[in-house]
Structures are given as C-alpha cells and as structure tokens.
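Please read the following account alongside the sequence and the coordinates. It goes from a single chain to the copies, then to helix packing and a few local features.

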Number of protein chains: 4
Amino acid sequence: MHIGMIGLGRMGGNMYKRLTEAGIKVTGYDRDPNVSDVASVKELVDALPGPRIVWIMVPSGDITRNTVEELGNLLSPGDLVIEGGNSRFSDDFLHAKALAEKGIEYVDCGVSGGVWGLKNGYGLMVGGDAKNIERAMPIFDALRPEGPREEGFVHVGEIGAGHYAKMVHNGIEYGLMQAYAEGYELLAAKDIVKDVTGSFKAWTRGTVVRSWLLDLLVKGLEEDPGFSQITGYVNDSGEGRWTIEECIANAVPAPVMTAALYSRFTSRQDDSPAMKAVAALRNQFGGHATTAKAAADAGPSSGSGSTQS
Amino acid sequence: MHIGMIGLGRMGGNMYKRLTEAGIKVTGYDRDPNVSDVASVKELVDALPGPRIVWIMVPSGDITRNTVEELGNLLSPGDLVIEGGNSRFSDDFLHAKALAEKGIEYVDCGVSGGVWGLKNGYGLMVGGDAKNIERAMPIFDALRPEGPREEGFVHVGEIGAGHYAKMVHNGIEYGLMQAYAEGYELLAAKDIVKDVTGSFKAWTRGTVVRSWLLDLLVKGLEEDPGFSQITGYVNDSGEGRWTIEECIANAVPAPVMTAALYSRFTSRQDDSPAMKAVAALRNQFGGHATTAKAAADAGPSSGSGSTQS
Amino acid sequence: MHIGMIGLGRMGGNMYKRLTEAGIKVTGYDRDPNVSDVASVKELVDALPGPRIVWIMVPSGDITRNTVEELGNLLSPGDLVIEGGNSRFSDDFLHAKALAEKGIEYVDCGVSGGVWGLKNGYGLMVGGDAKNIERAMPIFDALRPEGPREEGFVHVGEIGAGHYAKMVHNGIEYGLMQAYAEGYELLAAKDIVKDVTGSFKAWTRGTVVRSWLLDLLVKGLEEDPGFSQITGYVNDSGEGRWTIEECIANAVPAPVMTAALYSRFTSRQDDSPAMKAVAALRNQFGGHATTAKAAADAGPSSGSGSTQS
Amino acid sequence: MHIGMIGLGRMGGNMYKRLTEAGIKVTGYDRDPNVSDVASVKELVDALPGPRIVWIMVPSGDITRNTVEELGNLLSPGDLVIEGGNSRFSDDFLHAKALAEKGIEYVDCGVSGGVWGLKNGYGLMVGGDAKNIERAMPIFDALRPEGPREEGFVHVGEIGAGHYAKMVHNGIEYGLMQAYAEGYELLAAKDIVKDVTGSFKAWTRGTVVRSWLLDLLVKGLEEDPGFSQITGYVNDSGEGRWTIEECIANAVPAPVMTAALYSRFTSRQDDSPAMKAVAALRNQFGGHATTAKAAADAGPSSGSGSTQS
C-alpha cells in the first residue's frame with residue numbers, strides 16, 4: 001500500500017513513522033520543506049498510485065478546509081480522502097459533500113494518543129461508508145495499538161461520527177483531568193497529609209481511580225514535586241467547547257465537562273470581571289472594603305460587624 | 001420598653017439608633033468605650049428593668065459564644081436573650097440549652113439589610129417560642145421596614161430556624177450576585193455592545209431581573225464604570241459555606257449557590273494548584289508547553305499540531 | 001404617529017394596547033383574523049403612511065425570518081423595521097443586511113416584562129443606528145415603564161446589540177430563578193423550619209435579596225403552598241442556550257447561568273442516561289445493586305460492606 | 001504472623017482470604033456466626049498472641065465507633081488497632097486519642113479495590129506513626145497489589161491521613177465516573193453515532209481516557225447495551241459528601257467533584273422542589289403553563305408568544 005499524508009507536524013510526523021515501520025509506503029507533504037517528501041500537494045497527488053488514498057493531518061479550521069478544497073481540485077473520482085485532524089464534526093458534512101460532487105470518497109477519523117502514539121499506537125474513531133473504511137483498514141491497523149482491533153479502533157457511524165466521538169472523548173478527558181486536579185489541590189491543602197506524590201503513586205495499582213492519566217500525573221509530580229515550575233494557566237483546543245455546544249444543542253446536562261472547561265477559562269484571567277462586579281456589590285450593600293488581591297486565606301472572614309456577605 | 005444591646009458596631013450601632021428613634025430605650029455595651037453606655041456587661045444587666053431583654057449583636061463564633069456564657073451568669077430566670085448576629089444555626093441549639101438550664105429564655109434572629117437597614121429597616125427572621133417572640137414584638141416592629149409586618153418579619157420556626165432562614169437568604173444572595181456578575185462579564189466582553197452600564201440601568205424598571213441588587217450594581221457601575229478601581233477578590237463570611245454544608249447534609253442539589261461560593265474561593269487564588277495539575281497533565285501527554293500567566297485570550301488555541309487537549 | 005405591528009399574540013397584543021392607549025395609532029396584522037386589523041402584510045404596508053415603521057412581534061426563527069423577507073419585498077427605501085421578538089442576535093446581522101440592500105432601515109429591540117408589561121411597561125434594549133432609534137423614540141417611550149427613560153430603555157450598541165442584551169438579561173434571569181429555587185428546596189427540607197412561605201414573604205422588604213422575582217415567588221407560594229399542583233418540569237426558550245453558547249465563544253466562565261440551564265434539562269428527563277452509566281459502574285466495581293427509583297432519602301447509604309462509592 | 005480481623009463482609013471476607021493465602025494467620029470475627037471463627041470480640045482478643053494486631057473492617061459510623069470502644073476495653077498496652085473501614089478521617093482523631101489513653105496503638109487505613117481486590121490486591125493508604133506502620137507491613141504487603149510497594153501502598157501522614165487520602169480518592173472517583181457518564185449520554189443522544197459501545201471499547205487502548213473505570217464501563221455496556229436494565233438512581237456512601245465538606249473548609253474550589261455528588265442527589269428525586277419553584281415563577285411572570293412530566297424533548301420551546309423564559 002502506498003498513501004499520501006499531508007501535514008508532518010508532531011502528530012502527522014509520528015504517524016508517518018508508524019505507518020512506514022508497518023510496511024506502508026507513505027509520501028508526505030508539509031509546508032516545511034525540511035520534512036517534506038514533495039514540494040507541493042500536486043506533486044504528492046501525482047506520486048500516488050490510483051485509486052489514491054490521502055490522509056490529511058493539518059491544523060483544523062481554515063488550513064484543513066483549504067487542504068480539502070485543494071485536494072478536490074487535484075484528485076480523481078474514486079480517490080479517498082481521510083481527514084484525521086481535530087476538525088469539528090460539522091466540517092465533515094461540508095467536506096464530504098464538496099468531494100462527493102467530484103466523485104471523491106471521504107472518511108473522517110478522530111485520533112487519540114498524543115506524543116505517545118508513535119510507540120503505543122493511536123486510538124482511532126472513524127465515520128463514513130463501510131466500503132471506504134474497509135479499503136483503508138490496513139492503515140488503521142498499522143496506526144492503532146496492538147491487540148484486538150476493537151480495543152483501539154471503531155467505525156462509529158456516518159460521516160462526521162468519527163470526529164464526533166473524538167470530540168466527546170476530549171470532553172471526557174477534560175472532566176477526568178479536572179477531577180484528578182481538584183483531588184490534588186485538596187490533598188495538597190491538608191496539613192495532616194505529608195506525602196501527596198506518594199498518595200497518587202499508591203493509586204496506580206489496584207484502586208478504582210487507576211488510569212493512564214493518573215500514571216502521567218505521578219510522572220509529572222515526580223519530575224516536579226508541588227508543580228513549582230508550572231503556572232496554572234491552561235489553554236483549550238476547541239474540542240472541549242464543541243462538546244459543550246453539543247450538550248446544549250441536545251439538552252444533555254454536562255456539569256462536569258462544563259466545569260472543567262470553565263476552570264480553564266478562569267485560569268487564563270488575570271482578574272475576573274465577574275468577581276469585580278461581586279466585590280462592587282458587596283461594597284455597595286455591606287460597606288465591605290474592596291480588597292487588593294493577596295494570598296488566598298482558607299478561612300472565611302468573620303467578625304466584620306456586618307451581617308451581610 | 002427598655003432593652004440592652006451588646007455590640008455597637010456597624011450593624012448594632014445602627015440598630016441602636018433605629019430602636020431609639022422608635023421610642024425604645026436602649027442601653028448599649030461595646031468593647032469600645034467611646035460608643036458604649038456602660039463599662040461592662042454586668043453594668044448593662046444591672047441597668048435593665050426585669051424581666052430583662054438583651055439583644056446580642058457581636059461577631060459570630062467565639063465572641064458570641066462567650067457573650068452568651070457571660071449573660072448566662074448575670075441574667076435571672078425569665079430574662080430573654082435575643083441573638084441577632086450571624087451565628088450558625090447549630091450554635092443556637094447550644095446557646096438555648098445552656099440558658100434554659102438557668103431558666104433564661106432564648107430567641108435567635110437573622111437580620112438582613114446591611115448598612116441600608118438604618119434607613120430602610122431590617123428584614124428579620126426569628127426562631128423560638130411564640131411567647132418569647134410576642135414579648136419582643138415591639139423591638140421587631142421597630143427594626144423591620146415599614147409596611148405589613150409579614151413583609152419584613154417572620155417567625156420561621158423552632159430555635160435556630162431564624163438563623164437558618166438567614167443562612168439560606170445569604171446562600172441565595174450569593175447566587176443572585178453571581179448571576180448578575182456573569183451577565184456583566186459577558187456583556188462587557190462583546191464588541192457590538194457599547195453601553196454596559198446603560199443596559200443594566202435599563203433593566204431597573206419593568207424587566208424580570210429588576211431587584212435591589214440590580215439597583216446597587218447600577219450605582220456601582222455609575223460610580224466606577226468598568227470597575228476600574230476594583231479588584232476581583234471576594235471574601236466570604238461563612239454563611240455561604242454553611243448553606244452548602246446543609247445542602248450536602250440534606251441531599252439538596254445546589255449547583256448555583258455552590259458555584260457562587262467556589263467563584264469566591266477562586267477569586268482569592270493567585271495561582272490554582274488544580275490548574276497547575278491540569279497544565280502538567282497536558283504537558284505530559286500532549287507536549288503542550290506550560291505557559292506563563294498572561295492576559296486571557298478569548299479564542300481557543302488551534303493548529304497546535306497535536307490532537308490532544 | 002401611525003405604525004404597523006405584525007404579531008398580536010400574548011406579547012404583541014398587549015403592546016398594541018399600550019401603544020394605542022398612549023395615542024399612537026397602530027394597524028395590526030396577525031394570522032388569526034379574529035384579532036387582525038388587516039387581511040395580509042401587504043394590506044398592512046399599504047395602510048401605513050410613509051416613511052413607514054413596522055414592528056415585528058412574531059415567534060423567533062423561521063417565522064421572523066419569513067416576515068422580514070416578506071417586508072423586504074413590500075416596503076420602500078427609507079422605511080424602518082423594528083424586530084422586537086426573541087431572535088438570536090446573529091439573525092439581526094442577516095436581517096439588517098438583507099433589508100439594507102433595499103434601502104430599508106432596521107432596528108432590533110429586546111423586550112422584557114412578560115404579561116405584566118401591559119400595565120407596568122416593558123424594559124427595552126435596542127441596537128442599530130442612532131438616527132433610526134431617535135425616529136422611533138415615541139414608540140419606545142410609550143412602551144417603556146414610566147419614570148426616567150434610562151431606567152427602562154437603552155440604546156445598547158450596534159445592530160444585534162439589543163437582542164444581545166436581552167439574551168444576557170434572560171441568562172441572568174435563569175440564574176436568579178435557580179438561586180431562589182435552590183434556597184426554597186433547602187428551606188423546605190429542614191425540619192426546624194415551619195414557615196417557608198412566610199420566610200420568603202419576610203424577605204420582600206428591607207433584605208438584600210428583595211426583587212420582583214421574589215415577589216412573584218411569594219405570590220406563587222401563597223396561591224399554592226408547597227407547590228403541590230406543580231410539576232418540576234421546566235422548558236427553556238432558547239435564550240438561555242444562546243447565552244451559554246456566547247459564554248463559550250467568548251471564554252467567559254458562567255457556572256451559575258449554565259447550572260440553571262442544565263437544571264432545566266435534567267428536570268425534563270424521566271431517567272438520566274448518564275446516571276444509568278454511573279449506576280452501572282458502581283455495580284461493576286463495587287457490587288452495588290442497581291436500584292429501582294424510589295423516594296430520595298436524604299442520608300448517605302452506609303454500612304454497605306464495601307469501601308467503594 | 002497471626003492477626004485478628006473484625007468484620008467479614010464483602011470487603012473483610014475477601015481480605016481475610018487474601019491474607020490467609022499469603023501465609024498470614026487470621027482469626028476472624030463477624031456478627032454472622034456462619035462466617036465467624038470465634039463467638040465474640042473477647043474470644044478473638046484472647047486467641048491472639050501479644051502484642052496483638054487487630055484489623056477492623058466494619059461499616060463506618062456507630063458500628064466502627066463501638067468496635068473501637070470495645071477493643072479499648074479488651075486489648076493491652078502495646079497492642080495495635082488498624083481501622084480499615086470507610087470512616088471519616090475526623091473519627092480517627094477520636095479513636096486514636098481514646099486508645100492512646102490506654103497505651104494502645106492506632107493506624108488508620110483507607111482501602112480501595114472493591115470486589116476486585118481479592119484477585120488484584122487493594123490500594124492501601126495509611127496514617128499514623130512510622131513504627132506502627134513498619135510493624136504491620138507484612139499485612140499491607142499481603143493485601144496490596146503485586147509490584148513495587150509504592151504503587152499500591154503509601155504512608156500518607158499523621159493519624160487520619162490514610163482515610164483522608166481514601167476520601168479524596170473517592171471524591172476523584174465520583175468525578176471520573178460522572179465525566180464518562182456525561183460523555184456516554186451525549187454520544188448516545190447523537191443520531192450520526194451508531195456504535196456507542198464500540199466507541200467506548202475503542203478507547204480502551206492507546207487513548208488518553210483509558211482507565212480501569214473505562215474497562216468496567218465497556219464491560220457493563222457489553223452486558224447490557226443501552227443500560228436497558230438499569231435505573232439512573234445512584235446512592236452515595238458518604239465519602240463524596242465528606243470530600244466536599246473538606247473542600248469548603250479549606251476553600252478549595254471543586255466544581256467537578258461537587259457536580260458529580262449533586263448529580264447523584266438529583267438522580268434520587270422523583271420530582272425536584274427547586275424546579276417546581278422555577279416552573280411556578282415562569283408561570284407567574286410569563287403565563288407559561290406548568291407542565292406534566294413527559295418525555296424530554298431536546299429542542300427548546302419556541303414561538304410561545306412570550307419573550308420571557
């Protein structure tokens with residue numbers, strides 16, 4: 001098998017390697033000529049045997065949309081595009097429709113595994129027609145972890161369903177991370193607890209909360225106890241937001257996943273406009289002084305002489 | 001009527017004035033000799049005609065507990081203690097029991113109204129025996145707002161119920177304030193919105209969200225548009241915490257009141273241990289850089305080359 | 001002044017009356033011929049003096065979109081459309097653009113006040129050009145509550161800003177209602193509290209939580225103590241969802257407004273798929289029986305013989 | 001080594017077996033004579049060689065407290081009590097103090113692992129003096145999972161710290177379960193998703209969200225696709241509540257763990273008093289009908305003719 005891969009960054013580059021090691025020939029294109037096999041998408045298309053398979057692994061949004069459009073102009077009927085980036089599932093509907101008008105097939109693929117995927121394999125969630133997925137199965141088998149196929153690969157459903165499952169996967173991931181993080185903060189705050197890192201490490205076998213994320217948290221704590229070198233500033237990549245948008249659209253209550261997203265928003269604020277408003281209100285009704293930001297004190301203020309709060 | 005009042009701070013001092021203006025004679029005691037009528041609690045007790053009524057208006061916790069104990073040693077059977085501070089309702093059980101052993105009556109009274117109470121009157125919530133409440137009714141009538149008694153006064157229930165209702169009142173208050181505050185932040189963040197203060201002001205008549213807190217928020221915004229002189233650092237006085245403790249004890253889901261409390265906790269943190277843990281996790285699995293705190297950017301990061309979040 | 005009004009339902013019908021009582025002549029159109037002055041939108045347009053002003057007050061979504069389109073085909077350059085329904089602000093961008101291509105002016109207007117607006121006046125939030133808003137000011141003055149204009153009317157900003165402010169208003173409203181509701185549930189759950197209705201009533205004067213919504217809650221409790229005739233099933237009208245979508249899009253943490261929305265979602269579920277999953281998990285790891293739904297018990301289960309939860 | 005174990009239920013019985021299989025002699029006592037080696041706690045104490053070690057594994061609360069008291073009256077100075085049940089950490093302070101007055105040593109031990117612990121070993125978190133923990137190490141080594149000691153055992157800190165870590169472990173567990181559950185509900189609600197079980201199964205290798213809980217969820221889904229045999233009614237065992245109490249006491253914001261707890265509270269309510277109040281409010285201001293509970297509809301209601309929500 002000989003396929004094309006567009007995008008050879010942190011994810012695409014590793015997948016290229018894993019495919020190659022599995023015996024699949026890959027022609028790769030990247031905007032960075034230092035890592036690219038060919039000079040253009042056109043050259044990549046020309047280098048592939050027909051019917052072609054091209055895997056897209058570029059940043060979601062405009063870059064992916066432009067890449068799909070470019071491929072639409074270069075590929076032939078019967079060729080297959082696999083979109084493996086972090087796209088919103090709704091983009092898949094547009095991509096598939098645009099390509100279908102030219103007879104080009106489309107499969108969307110959500111990919112999980114991060115920088116560890118090269119070694120461990122990637123969790124794959126795909127959407128589209130069974131015949132296209134069957135055709136690309138050698139690729140999926142090369143990328144997914146060893147073991148039973150169904151433990152690292154799934155045909156989720158229609159076009160878009162692969163990215164949808166990946167989106168939900170990430171929404172869950174937000175919640176899992178926040179749960180461990182809140183537990184960490186509480187454990188670290190308690191005076192009778194002397195070994196926080198050891199507590200997390202002791203949970204890695206036998207307990208109900210054992211997981212790969214827990215293993216990573218222990219690794220992080222062992223490298224930097226107390227996270228003294230880290231700032232509590234956390235970005236979000238879009239999929240967490242889409243998950244909540246979908247929860248709202250489908251009337252699915254999702255307090256945990258939402259709280260995890262909001263905690264990230266808050267972590268990036270130097271000062272909170274909302275809490276300024278609350279401070280202003282307390283000042284108005286209770287004569288409470290508005291306070292300069294200082295180290296948090298655990299105890300509630302008391303004895304203020306006011307009965308308000 | 002001639003009663004005693006212990007505690008002449010921001011709240012007690014104003015209540016002293018309002019009672020006096022209503023024709024009730026008050027002998028006041030405060031640790032600050034400049035505002036005190038008498039030199040000691042003993043002098044205060046001696047100055048009152050029996051059967052005595054003494055209103056306690058000191059900071060909750062140890063100071064209130066000590067004051068109740070001291071009064072227990074000085075008062076006579078048939079005297080009545082009204083505890084009007086911000087005590088936890090569970091303290092009332094102890095206070096009433098200790099005083100009852102000496103034949104002293106007890107009523108707990110939750111007071112709302114803040115610095116505006118002197119002028120507008122105070123909302124009063126009392127707990128205890130009907131006969132004691134009846135006996136103290138001239139005091140309650142003097143303190144409560146003008147208008148029908150039931151619109152500013154309530155006999156909530158048994159001992160402790162007054163403070164309980166006040167506690168719930170404050171829990172609700174936390175939620176109301178946070179709701180306005182979140183709306184403020186969103187409105188202030190949107191580019192097509194040019195008049196945030198005006199929007200809040202336009203809600204003060206005719207709309208569903210009109211309230212006294214809204215009036216105060218408008219006042220605050222007019223005094224300091226954009227809250228440029230205020231830091232988003234918000235204390236909590238204890239009653240918010242007790243409300244959530246009670247929600248947990250009674251299996252009452254209270255996501256709004258709890259979120260309001262947690263937002264205050266977060267507002268006091270310079271850096272969040274929990275979010276350090278999340279940042280560390282993202283770094284471990286996705287190779288995401290841990291970032292120095294900077295001005296929050298509204299957009300999700302994209303094009304990271306990683307499919308993780 | 002003589003204007004047209006399309007949509008004479010619960011809101012439009014009352015606004016028609018209030019305008020007429022204020023001396024503004026209104027020609028009204030409704031699909032229901034029993035309440036309509038004219039037989040068609042065309043007749044309405046023909047009946048108005050130029051340059052015309054037409055107020056749209058129909059359900060948001062397709063009906064509003066179709067009405068705007070129809071008006072675009074019937075009105076003349078220089079005419080003014082005021083869209084007063086519950087539209088998403090993003091629809092205003094489309095409406096204004098489509099009408100502008102024909103030289104027709106557009107103002108969006110968020111309206112608050114519910115069934116009480118006829119008597120009390122409506123809170124009005126408008127977006128668009130100052131010249132159009134000035135032109136329609138007699139209408140706004142007739143609809144808004146008596147008193148200073150700025151306490152019931154605001155020119156929020158650009159096209160869409162009126163509906164945006166109304167959307168945020170409703171998001172806040174969700175949060176306020178939920179705060180009172182949680183407090184109600186806690187108060188009603190506590191044995192020492194004997195007078196729940198009385199407690200809420202006593203808060204209506206003098207307290208920090210006094211508001212119009214509180215007045216309504218007291219009215220509801222007095223009509224039906226314990227809400228024995230009401231089911232805890234709560235719809236949502238869309239604006240709450242849009243508010244959260246905007247919070248997510250603008251990275252504004254909004255735990256309170258979101259919790260209020262999710263509580264409505266949950267209130268409509270006969271059984272929760274998520275909680276089925278949790279029950280299944282507990283069964284898997286702890287051997288906990290999965291239980292038939294029964295009356296909630298306040299106390300945590302104990303003595304299960306398992307250390308899991 | 002020969003120790004005593006009090007409580008031979010689901011947890012204690014399995015631990016008895018695992019200890020015995022590891023070569024530790026155990027004399028067991030249970031209220032159920034069918035599983036008990038001896039007829040009373042006194043017989044158990046008499047059967048043990050001194051200095052004795054007795055492991056308590058009975059339901060937390062009064063039963064544990066009574067057992068500790070009984071042992072205090074039967075044991076001798078230098079004997080060691082290990083309390084391995086699900087007690088609140090604050091009980092350990094009392095237990096240790098009461099026993100110390102009689103010269104009896106005390107160690108608290110949080111145990112995780114559920115019904116799987118017999119086979120996989122138990123995660124152990126202990127609090128107390130190092131010398132006591134050293135003395136009991138053969139027991140801990142027999143109970144913990146195979147592998148490095150620190151991956152299944154930790155000396156967390158002072159008396160109470162073992163149960164504290166276990167409590168936090170369970171708080172995290174609540175959050176993890178709820179995160180998976182919310183993702184499940186969303187995935188199951190989406191029409192383009194055809195294989196929900198398969199999606200979860202595909203996450204069990206290679207993905208970021210892989211965990212033991214995920215494995216169990218897949219097992220549950222395979223046994224009962226769609227959880228058709230399960231009701232979404234979820235108890236809580238106390239440790240989740242204690243975790244939130246501690247978050248409040250230490251000013252640690254914990255929206256995720258709290259949301260998980262509240263979701264359990266809600267799951268047990270046939271009808272929500274809070275949502276009755278919201279429904280009543282909407283009826284009051286908007287004339288919205290209060291609705292009989294029916295199947296949830298995903299879409300927001302629209303076109304109500306009211307602009308309120």
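**From chain to assembly**

Chain A contains 13 helices and 7 strands; helices (H or I, at least four residues) and strands (E, at least two) are DSSP runs, numbered from the N terminus. This is a predicted model, in which local features need pLDDT of at least 70 and side-chain atom pairs count only at pLDDT 80 or more, while totals for chains, interfaces and linings use all residues. Residues are numbered from 1 along each chain as its sequence is written, chains are lettered from A and ligands numbered from 1 in the order in which they are written, and side-chain values use heavy atoms, with hydrogens and water left out.

The C-alpha trace of chain A spans about 80 × 45 × 40 Å along its principal axes. Of its 309 residues, 65% count as buried, where buried means under 20% relative accessible area, exposed over 50% and partly exposed in between (1.4 Å probe, protein chains only). Among contacts in chain A (heavy atoms within 4.5 Å) between residues at least 6 apart in sequence, 63% join residues at least 24 apart.

How is chain D superposed on chain A? A rotation of 180 degrees with 0.0 Å of shift along its axis does this, with an RMSD of 0.0 Å; the fit is by least squares on the C-alpha atoms of residues with pLDDT of at least 70 in both copies. The two copies are therefore related as by a two-fold rotation axis. In chain D, the C-alpha nearest that axis belongs to D:Ser211, 2.0 Å from it. Since 100% of the interface residues of chain D are also interface residues in chain A, the copies meet through the same surface.

Helix α8 recurs in the packing. In chain B it comprises residues 161-189, 29 in number, and should span 42 Å at 1.5 Å a residue, which agrees with the 42 Å between its end C-alpha atoms; the expected span is 1.5 Å times one less than the number of residues. Of the 29 residues of α8(B), 27 are buried.

Within chain D, α8 (residues 161-189) packs against α11 (residues 239-249) at an angle of about 100 degrees, with the axes 8 Å apart. Axes are lines fitted to C-alpha atoms, for helices over the stretch in contact, and angles run from 0 to 180 degrees between N-to-C directions. α8(D) and α11(D) are therefore roughly perpendicular, a term for angles of 65 to 115 degrees. Residues making the contact include D:Tyr164, D:Met167 and D:Tyr174 of α8(D) and D:Trp242 of α11(D).

Between chains, the axes of α12 (residues 255-267) of chain B and α8 (residues 161-189) of chain C come within 8 Å and cross at roughly 105 degrees. α12(B) is thus roughly perpendicular to α8(C). B:Pro255, B:Val256 and B:Met257 meet C:Gly175, C:Gln178, C:Ala179, C:Glu182 and C:Gly183 there.

Some backbone features remain. The peptide bond from A:Gly50 to A:Pro51 is cis, with omega near -15 degrees, and A:Pro51 sits in the loop between α2 (41-47) and β3 (53-56) of chain A. A:Ala251, in the loop between α11 (239-249) and α12 (255-267) of chain A, has a positive phi near 55 degrees without being a glycine. At 10% relative accessibility, A:Ala251 counts as buried. B:Phe227 is not a glycine either, and its phi is positive at about 50 degrees; at 0% relative accessibility, B:Phe227 counts as buried.

Notes. Angles under 35 degrees count as roughly parallel, over 145 as roughly antiparallel, 65 to 115 as roughly perpendicular and the rest as oblique.
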